Amino acid sequence: MTTRYATLPFTVTCETHDRAVLYCLRALREFAEPASHGAFGTAAGDVDAWKASDGLITFRFADVKSRDTFLGEATRLLSGKWIRMALSNDGAE
């Protein structure tokens with residue numbers, strides 16, 4: 001893990017092909033991570049990178065609670081508009 005992401009070891013990779021949903025997910029990530037790290041929270045932070053990755057975006061979180069908040073709110077508000085593709089707990093060790 002790079003130093004840049006060392007404080008954000010918990011990730012979720014999502015898939016959506018809807019640009020509006022992408023922006024909603026990005027906003028929910030900011031909502032869920034109270035100690036916001038801005039752009040460091042996304043591995044595919046811009047629209048061009050999202051398009052190039054065929055609709056995948058990875059969000060990074062400082063702890064599991066923040067990630068779970070994101071997942072809960074994204075499911076509640078955007079159910080059926082995105083898919084959870086992967087989770088990583090790099091900081092669990």
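**A walk through the chain, starting in helix α3**

E73 and R76 both sit in helix α3, three residues apart, which is about one turn of the helix. Helices here are DSSP runs of H or I with at least four residues, strands are runs of E with at least two, and both are numbered from the N terminus. The side chains of E73 and R76 meet in a salt bridge, 2.7 Å from N to O. A salt bridge requires a side-chain nitrogen of Lys or Arg within 4 Å of a carboxyl oxygen of Asp or Glu. R76 counts as exposed, because its relative accessibility is 58%. Exposed means over 50% relative accessible area, buried means under 20%, and partly exposed lies in between, with a 1.4 Å probe and protein chains only.

The model is predicted: local features need pLDDT of at least 70, side-chain atom pairs count only at pLDDT 80 or more, and totals for chains, interfaces and linings use all residues. Residues are numbered from 1 along each chain as its sequence is written, and side-chain values use heavy atoms, with hydrogens and water left out.

The structure holds two salt bridges. Besides the one in α3, E30 pairs with R29, and their closest N and O atoms are 3.1 Å apart. The two partners differ in burial. R29 is buried, with a relative accessible area of 0%. E30 counts as partly exposed, at 32%.

Now the overall layout. The chain has three helices and three strands. From the N terminus on, the elements run β-α-α-β-α-β. Of the 93 residues in the chain, 38% are buried. The chain exposes about 5200 Å², and carbon and sulfur atoms supply 55% of that area. Accessible areas come from the Shrake-Rupley method with a 1.4 Å probe; for residues, only the protein chains shown count as cover. Among contacts with a separation of 6 or more, 77% join residues 24 or more positions apart. Contact means heavy atoms within 4.5 Å.

Next, the interior. The largest nonpolar core has 18 residues. Such a core is a set of buried Ala, Val, Leu, Ile, Met, Phe, Trp, Tyr and Cys residues joined through side-chain atoms within 4.5 Å. V12, C14, L25, F59, F61, F70 and W82 have the most contacts inside this core. The elements that give two or more residues to it are β1 (10–15), α1 (19–32), α2 (47–52), β2 (56–61) and α3 (64–78). Helix α1 gives the most, with five residues.

Take V12 from that list. Leaving aside neighbours within four places in sequence, V12 is in contact with I57, T58, F59, F61, R67, F70, L71, R84, A86 and L87. C14 lies in strand β1. C14 is buried, with a relative accessible area of 0%. Beyond residues up to four places away in sequence, C14 touches L25, G55, L56, I57, F59, F70, W82, I83 and M85.

The last of these links C14 to strand β3 (residues 83–89), where M85 lies. C14 and M85 are 71 residues apart in sequence, yet 5.3 Å apart in space, C-alpha to C-alpha. M85 counts as partly exposed, at 43% relative accessibility. Its contacts, again not counting residues up to four places away, are T13, C14, E15 and L56.

T58 belongs to strand β2. T58 counts as buried, at 17% relative accessibility. A polar contact of 2.8 Å joins the side chains of T58 and T13. A polar contact is a pair of N or O atoms within 3.5 Å; within protein, one must be able to donate a hydrogen and the other to accept it, and residues adjacent in sequence count only if both atoms are side-chain atoms. The C-alpha atoms of T58 and M85, 27 residues apart along the chain, are separated by 9.4 Å.

Back in strand β1 is E15. E15 is buried yet has no salt bridge. The nearest side chain of opposite charge, R84, is 12 Å away. For that count, Lys and Arg are positive and Asp and Glu negative, while His and the chain ends are not counted. E15 does make a polar contact of 3.0 Å with H17, side chain to side chain. Outside its neighbours within four places in sequence, E15 is in contact with D54, G55, L56, W82, I83 and M85.

D54 brings us to the loop between α2 and β2. D54 is exposed, with a relative accessible area of 53%. Its phi is near 60°, a positive value in a residue other than glycine. Most residues other than glycine have a negative phi.
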